[in-house]
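Visitor: Could you take me through one part of this structure slowly? I'd like a close look at the spot that the database record calls the active site, and then at what lies around it.

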Amino acid sequence: MASTDKILEASAKYPKPAERQFQYGTAGFRMKANLLNSVVYRVGLLAALRSKKLNGQTIGVMITASHNPPEDNGVKLVDPMGEMLEASWEQYATQLANAESDDALGKLYNKLLADLKIKEDVPARVIYARDTRASGATLVTCLKDALDATGTEYTDYGYLTTPQLHYLVRCINTKDTQYAYGDISEKGYYEKLAAAFKLAMKGKTTKGAVTVDCANGVGGPKLHELVKHLDGIIDIKIVNDDVLKPETLNSQCGADFVKTQQRAPPSSKVGPNDRCASLDGDADRIIFYFADKDNTFRLLDGDRIATLAASFLADLGRQSGLAEQLKIGVVQTAYANGASTQYIEKSLQLPIICTNTGVKYLHHAAARFDIGVYFEANGHGTVLFSPAALKAIATYDPKSPAQKAALETLQALTELINQTVGDALSDLLLVEAILAHKGWTCQEWLLTYTDLPNRLVKVEVPDRNMFQAVDAERKLAKPDGAQKEIDREVGKFSMGRSFARASGTEDAVRVYAEAATRTEADGLANQVANIVRGFGTVVGGT
Ligand code: G16
């Protein structure tokens, strides 16, 4: 049977839901799981095309909805170096997902083959994994049907965190090259992180335990595995690691809950000043927090991790004698707290780039620096080392014992920090290593600058797509007149800043506001949310 026939035959099992339009968004396709069968099948077709186009390099497919509720699911593609799918291919994913009939799908598949000059006889290779959602098994079947129909070679890695899949994709595609990234196995991932952490911690100890809330997601069992490789040099207490009750995923726990609610998970039993962290459902985000001696909740979010990492790396650059060769920069989004931006510019004196929300945007911007530190405020991020920086760090001849010690720590960090994507487990160890080096508790970390009070609100409107943001999502170009009203409200608040943008992962518009006081930040967020509601309702007609 010709391959298109096989594709059509399998596709008949997965009709596209009528009158639904799909879009490859901030992190792939994401929605209620029961709408996803046809989408995942078609993403499988695209993965095959992408691999063929890249001469049979291995492409990753991750089935996850990360921070979303348990009934959602999603799918995203991973490019050969472990990066997010190249942006220019997102449109093909969207087109395939929206082909109304099997016939239209077959025609589009052949058109893509022709337009993209893809040779059908080149082999296609794919690996895939999923998080712990109940719907994952069905979606894997849809994916496998697409891979079988296209004659793709594939490996099912079962349950993994998203960053673990990114790691494996890079390992496979760099095997036996000068860029070899690691052993192609889950065990290889733990071994790489553990070895690097032990090197980074040489002669240092952490202060007390860190309690890690795993959002009842795949990060729980994987963190247990990682701990086994750490030889007890760090005390990690794991909570919210129940993956047998899928309905508890991200429910009243996890990084998104803690960041948006600005409070610890209600189940938390830690005492004052105890260091805590929360992962999200697929363990690609992490945030830290603690209750101070007055029992006030204190958040140490992605901005804090970025500033901590950037200042530590800048110190290591100076101490090792490599400062001139290691130009460090930080990448943030509009959600970054204004106080963090000011601290990076004024105190750390480092350049900043502001991009749209979405790791794919931050990652590319970070690659412009020798050492690019990128974190979204929600805790998603990592640090990228350029090839030139890696070479300098690997080959520099230290001139003193102090330079040697700093260089060794830098070398360890290049191995510890996941170079493919934000990784909660790698970031956990990075933060712990830095705090150990600085001899800091969370309180000292918090003292580096004072966050402006802020509030994040989710507004449900009939059609979020009518809200079109520009200027790194700091302004609304549409609907007409909305930005003017937002500006007018912002002007009423001392140190006020606010913006609204359509989420790319949830059916909602997000509103962020910060101001001089908590009351003002809440007030501004509510006013802007009302503006969004007003515009959304008028045009949406409900
Ligand atoms: C995904 C993206 C992040 C983004 C988040 C929220 O995270 O990878 O870059 O910040 O969605 O995006 P939005 O505001 O567009 O809904 P995750 O952890 O859910 O995969």
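Guide: Here is a walk that starts at that spot and moves outward.

First, some ground rules. Residues are numbered from 1 along each chain, as its sequence is written. This is a predicted model, so to speak of local features we need pLDDT of at least 70, side-chain atom pairs count only at pLDDT 80 or more, and totals for chains, interfaces and linings use all residues. The mean pLDDT of the protein is 96, and 99% of its residues reach 70 or more (pLDDT is the predictor's confidence in each residue, from 0 to 100). The model also scores ipTM 0.95 and pTM 0.96.

Now for your spot. In an unreviewed entry, UniProt lists Ser-66 under "active site" (UniProt positions follow the numbering used here, feature names are shortened, and annotations may be inferred rather than shown by experiment). Ser-66 sits in the loop between strand S2 (58-63) and strand S3 (72-78) (helices, H or I with at least four residues, and strands, E with at least two, are DSSP runs numbered from the N terminus).

Is Ser-66 buried or exposed? Ser-66 counts as buried because it has 28 other C-beta atoms within 10 Å (buried takes 20 or more other C-beta atoms within 10 Å of a residue's own, exposed 12 or fewer, and partly exposed is in between, with C-beta atoms placed from the backbone). Skip its neighbours within four places in sequence, and Ser-66 is in contact with Ala-27, Asp-280, Gly-281, Asp-282 and Asp-284 (contact means C-beta atoms, placed from the backbone, within 7 Å).

Ser-66 also turns up beside the ligand: 18 residues surround the ligand, and the closest are Thr-26, Ser-66, Ser-503, Gly-504 and Thr-505 (a residue is near a molecule or strand if its C-beta atom, placed from the backbone, lies within 6 Å of it). Sorted by class, that shell has two nonpolar, ten polar and six charged residues (Ala, Val, Leu, Ile, Met, Phe, Trp, Tyr, Cys and Pro count as nonpolar, Asp, Glu, Lys and Arg as charged, and the others, Gly among them, as polar).

Strand S2 (58-63), on one side of the Ser-66 loop, leads us to the nonpolar interior. Of the 134 residues in the largest nonpolar core, Val-40, Val-43, Val-61, Val-126, Ala-309 and Val-373 touch the most other members (a nonpolar core is a set of buried Ala, Val, Leu, Ile, Met, Phe, Trp, Tyr and Cys residues joined through C-beta atoms within 7 Å). Not counting residues up to four places away in sequence, Val-126 touches several residues, including Thr-58, Ile-59 and Val-61. Apart from that core lies another, of 30 residues, among them Leu-452, Val-459, Val-461 and Leu-476.

In the unreviewed UniProt entry, residues 456-530 carry the feature "domain: Alpha-D-phosphohexomutase C-terminal". The end C-alpha atoms of residues 456-530 lie 13 Å apart, and the span is 29% helix and 31% strand.

One last stop is helix H12 (residues 359-366), which is largely enclosed by the rest of the structure because seven of its eight residues are buried. Among those buried in H12 are Val-359, Tyr-361 and Leu-362. The cover over the buried residues of H12 includes strand S11 (328-333), strand S12 (352-355), strand S13 (371-375) and strand S14 (381-385).

Notes. Two residues are in contact if their C-beta atoms, placed from the backbone, lie within 7 Å.
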